[in-house]
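Q: I would like a close look at one part of this model, set against the chain as a whole. Please keep to what can be computed from the atoms.

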Amino acid sequence: IALVGLLFLFICDRRSRLPILALGLALALTLIVLENSPHVQSANRYLMKVISPETSMEVKTTGRIEQWRAFPSAFSDSPVWGFGPGMSRSVSLAYSGENLIFHSLYLQIGAELGLVGLAILTLLLGMLIRNGIVHFRRFGEIVPFIGTLSFLIMALSVTALDSLGGTLLG
């Protein structure tokens, strides 16, 4: 989320380019200096676990990939109305074998409320995107748009209906 936000800021705001490059350089130098510290080594082990070709997608995504694979079947069984509010956990269990709510806002809304819910969600998110673009064009301030973009990315892997998601939208 942070990288996408910084990339978008880098692209849209010329004044931010030099500070972002300086931040990236400072971060790279810090990692080089602290390369042998226990904290960086621990982070490297975790990173290698995530990016290693020997690690399965199921382990990398802690069951989320199964939910993405199962969603088309679940959605096709009840596309218009979904299975009902609060049914995400049982739908996920039935279709993916994971006893978790769908770990994506989009999957959860699709499973629980079908096309109706996804249409409403698209309308609401579209209004936020539009308002962010209008605000940027009018005032030259990109932060509201980046907040919405960050929320959209966050919602790919979690339901985002929590305090962090609200902070990004706020």
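How many helices and how many strands does the chain have? Then please take helix α8: how many of its twelve residues are buried, and which helices do these buried residues pack against?

A: The model is predicted. The chain has nine helices and zero strands, and along the sequence its pattern reads α-α-α-α-α-α-α-α-α.

The part you ask about, α8, covers residues 143-154. From the first C-alpha to the last, this helix of twelve residues reaches 16 Å, which is close to the 16 Å expected at 1.5 Å a residue. Nine of the twelve residues of α8 are buried, so the helix is mostly covered, where buried means under 20% relative accessible area. The buried residues begin with Phe-145, Ile-146 and Gly-147, continue through Thr-148, Leu-149, Ser-150, Phe-151 and Leu-152, and are completed by Met-154. Their packing partners are three helices: α1 (2-12), α7 (105-139) and α9 (163-169). The partners of α8 therefore come from stretches before it in the numbering, α1 and α7, and from one after it, α9, with contact taken as heavy atoms within 4.5 Å.

One of these partners, α7, can be followed down to a single residue. His-135 is found in helix α7. Its C-alpha is 8.1 Å from that of Phe-145, with the two positions ten residues apart in sequence numbering, and Phe-145 is among the buried residues of α8. With neighbours within four places in sequence set aside, His-135 is in contact with Gly-140, Glu-141 and Pro-144. Pro-144 falls within the range 143-154 of α8. His-135 counts as partly exposed, because its relative accessibility of 22% lies between the 20% limit for buried and the 50% limit for exposed.

For a comparison elsewhere in the chain, take helix α6, residues 88-96, where Ser-92 has its place. Ser-92 has a relative accessible area of 0% and is therefore buried. Leaving out residues up to four places away in sequence, Ser-92 touches Gln-67, Gly-97, Glu-98, Leu-100 and Phe-102. Ser-96 is found in α6 as well, and counts as buried because its relative accessibility is 15%. Its contacts, with neighbours within four places set aside, are Glu-66, Gln-67, Ala-70 and Val-91. Gln-67 thus appears in the contact lists of Ser-92 and Ser-96. Ser-90, also placed in α6, has a relative accessible area of 36% and so is partly exposed. Between the C-alpha atoms of Ser-90 and Phe-102 there are 9.6 Å, at a sequence separation of twelve residues.

Two other pairs give C-alpha distances across the chain. Ser-96 and Ile-133 are 37 residues apart in sequence and 38 Å apart in space. Leu-23 and Leu-123 are 100 residues apart in sequence and 36 Å apart in space. Leu-23 lies in helix α2, residues 14-33, and is partly exposed because its relative accessible area is 47%.

These details sit within the following overall figures. The chain has a radius of gyration of 20 Å, whereas a compact globule of 170 residues would have one near 15 Å. Its C-alpha atoms fill a box of roughly 55 × 50 × 25 Å along the principal axes. Of the 170 residues, 31% count as buried, while in α8 nine of twelve are buried. Among contacts with a separation of 6 or more, 53% join residues 24 or more positions apart. The chain exposes about 11000 Å², and carbon and sulfur atoms supply 69% of that area. As for charge, the mean position of the 12 positive charges is 11 Å from that of the 10 negative ones.

Technical notes
Residues numbered from 1 in each chain as written. Predicted model: local features only at pLDDT ≥ 70, side-chain atom pairs only at ≥ 80, totals over all residues. Heavy atoms only, no water. Helix = DSSP H or I, 4+ residues; strand = E, 2+ residues; numbered from the N terminus. Expected span 1.5 Å × (residues − 1). Buried < 20%, exposed > 50% of the residue type's maximum accessible area, 1.4 Å probe, protein only. Rg over C-alpha atoms; globule rule 2.2 N^0.38 Å. Areas by Shrake-Rupley, 256 points an atom, 1.4 Å probe, with all protein chains shown as cover. Lys, Arg positive; Asp, Glu negative; His and termini not counted. Charge placed at Lys NZ, Arg CZ, Asp CG, Glu CD.
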